[in-house]
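Colleague: I have a moment to go through this model with you. Could you take me through its open spaces, its cysteines and a few of its residues?

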Amino acid sequence: MSACLKAALVQMQVQPETKDSLARAKSFIKKAAAEGADLVLLPEMFCCPYQTKNFPLYAQQEGEEVWQELSRMAREQKVILAAGSVPERDEAGKIYNTAYVFDREGRQIAKHRKMHLFDIDVSGGQSFRESDTLTPGNSVTTFETEFGVMGLCICYDFRFPELSRLMVDRGAQVILVPAAFNMTTGPAHWEILFRTRALDNQVFTLGAAPSRDPSSGYTSYGNSIAVSPWGDVMDRLEEQEGMLLCTLDLDRVAQVRRELPLLAHRRKDVYTLTENR
């Protein structure tokens, strides 16, 4: 396995038309590949304006046009494509917030349906109810790559610490998070959340968000971010459209876990006793 992974975090502006968002994503993926990226991470709902009413309107089944185009982008540019998330419709007509991952040959190697739906109502701030139109997924998602195991979750999922730990228990050294924090939750929690999950689990955490568009129905905080297993912010964007390129030295994961062996020091005996009381 290669010890160094070059990742590109795409912070793009979502367009009203799916085809225009796909074209925008394609241009970023092509640029990332030209600059040597091994992996490209797109934002949450990168091809659908983030409003509950839009999810059923933009939803497609796995294998349809959006899926095909994403597979083609990965294959043509020879990158691992963590394709943000898109609205997915299953055969029964249920709608999910779904993240696909494709390998360098365009084969799907992972699929995550957002488990925790974003239903909040902050006094004087953001109000949103994904459950009005979305159905939650039920699976913890990890996948194998030439760089080792990676974990994948979507935005609000990342707030639940047990989910990250389950991914790490499966061997994840990197956790990928397509997300779209807003102007209430972003300034308050975005950076501290990525640093905390990285620090507690001694992994790299990567978050990609849409760029900020104050004229949209839902304003993304932006600030796509990369954090090291030591909890350091390696790099981050601000609010505008752009791309962040960062190199992850995966040997750093083993080093941090060796020098500060948090995972090895877990008192599973106590946890088990407590659960069985």
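Modeller: What follows is a short talk through pockets, cavities, cysteines and some single residues, and please keep in mind that this is a predicted model.

Colleague: Start with the pocket, then. How much space lies in the largest pocket?

Modeller: The largest pocket holds about 250 Å³ of space. It is lined by 18 residues, of which Val-14, Pro-49, Tyr-50, Ser-216 and Tyr-218 are the closest to its centre.

Colleague: And by class, what does the lining of the largest pocket have?

Modeller: The lining of the largest pocket is made up of eight nonpolar, eight polar and two charged residues.

Colleague: Now the enclosed spaces. How many cavities of 30 Å³ or more does the structure hold?

Modeller: There are two cavities of 30 Å³ or more, and about 70 Å³ of space lies in the largest cavity, whereas the second largest cavity has about 40 Å³.

Colleague: Which residues line the largest cavity?

Modeller: Its lining consists of Cys-47, Tyr-58, Ala-59, Gln-60, Gln-61, Glu-62, Val-66, Trp-67, Val-86, Pro-87 and Tyr-100. The elements that give two or more residues to this lining are α3 (65-77) and β4 (86-89), and by class the lining of the largest cavity has eight nonpolar, two polar and one charged residues.

Colleague: What lines the second largest cavity?

Modeller: Around the second largest cavity are Phe-118, Cys-155, Tyr-156, Arg-159, Ala-180, Phe-181, Asn-182, Thr-185 and Tyr-218, and that lining divides by class into six nonpolar, two polar and one charged residues. Tyr-218 was also named for the largest pocket, as one of the residues closest to its centre.

Colleague: Cys-155 is in that list, so to speak of cysteines: how many disulfides does the count come to?

Modeller: The count comes to zero disulfides. For Cys-155, the nearest cysteine sulfur is that of Cys-153, 9.0 Å away, and Cys-155 is therefore in no disulfide, as a disulfide needs cysteine sulfur atoms within 2.5 Å. Cys-246 is in no disulfide either, with the nearest cysteine sulfur, that of Cys-4, at 12 Å.

Colleague: Are Cys-155 and Cys-246 buried or exposed?

Modeller: Cys-155 counts as buried because its relative accessibility is 5%, and Cys-246 is likewise buried, with a relative accessible area of 6%.

Colleague: New topic, Thr-141. Where does Thr-141 lie, and why is Thr-141 called buried?

Modeller: Thr-141 lies in strand β9, which covers residues 141-145, and it counts as buried because its relative accessible area is 6%, with the limit for that word set at under 20%.

Colleague: What does the side chain of Thr-141 make a polar contact with?

Modeller: The partner is the side chain of His-112, at 2.7 Å. Leaving out residues up to four places away in sequence, Thr-141 touches Ala-110, Lys-111, His-112, Met-150, Gly-151, Leu-152, Met-167 and Arg-170.

Colleague: And Asn-223, where is that found?

Modeller: Asn-223 is in the loop between β12 (204-208) and β13 (225-227), and this loop residue is buried, with a relative accessible area of 8%. Apart from neighbours within four places in sequence, Asn-223 is in contact with Gln-11, Trp-190, Arg-212, Arg-236, Leu-237 and Glu-238.

Colleague: Last one, Met-115. Where is its place, and what does Met-115 touch?

Modeller: Met-115 sits in the loop between β6 (108-113) and β7 (119-121). Not counting residues up to four places away in sequence, Met-115 touches Pro-136, Gly-137, Asn-138, Ser-139, Val-140, Asp-157 and Leu-163. Although Met-115 and Gly-137 are 22 residues apart in sequence, their C-alpha atoms are 4.5 Å apart in space.

Terms used
Residues numbered from 1 in each chain as written. Predicted model: local features only at pLDDT ≥ 70, side-chain atom pairs only at ≥ 80, totals over all residues. Heavy atoms only, no water. 1 Å grid on protein atoms, 1.4 Å probe; cavity = no way out; pocket = protein on both sides within 12 Å on 5 of 7 lines; lining within 4 Å. Points joined across faces, edges and corners; volume = space filled by probe spheres on them. Nonpolar A, V, L, I, M, F, W, Y, C, P; charged D, E, K, R; others polar. Helix = DSSP H or I, 4+ residues; strand = E, 2+ residues; numbered from the N terminus. Buried < 20%, exposed > 50% of the residue type's maximum accessible area, 1.4 Å probe, protein only. Polar contact = N/O pair within 3.5 Å; in protein donor to acceptor, adjacent residues only side chain to side chain. Contact = heavy atoms within 4.5 Å.
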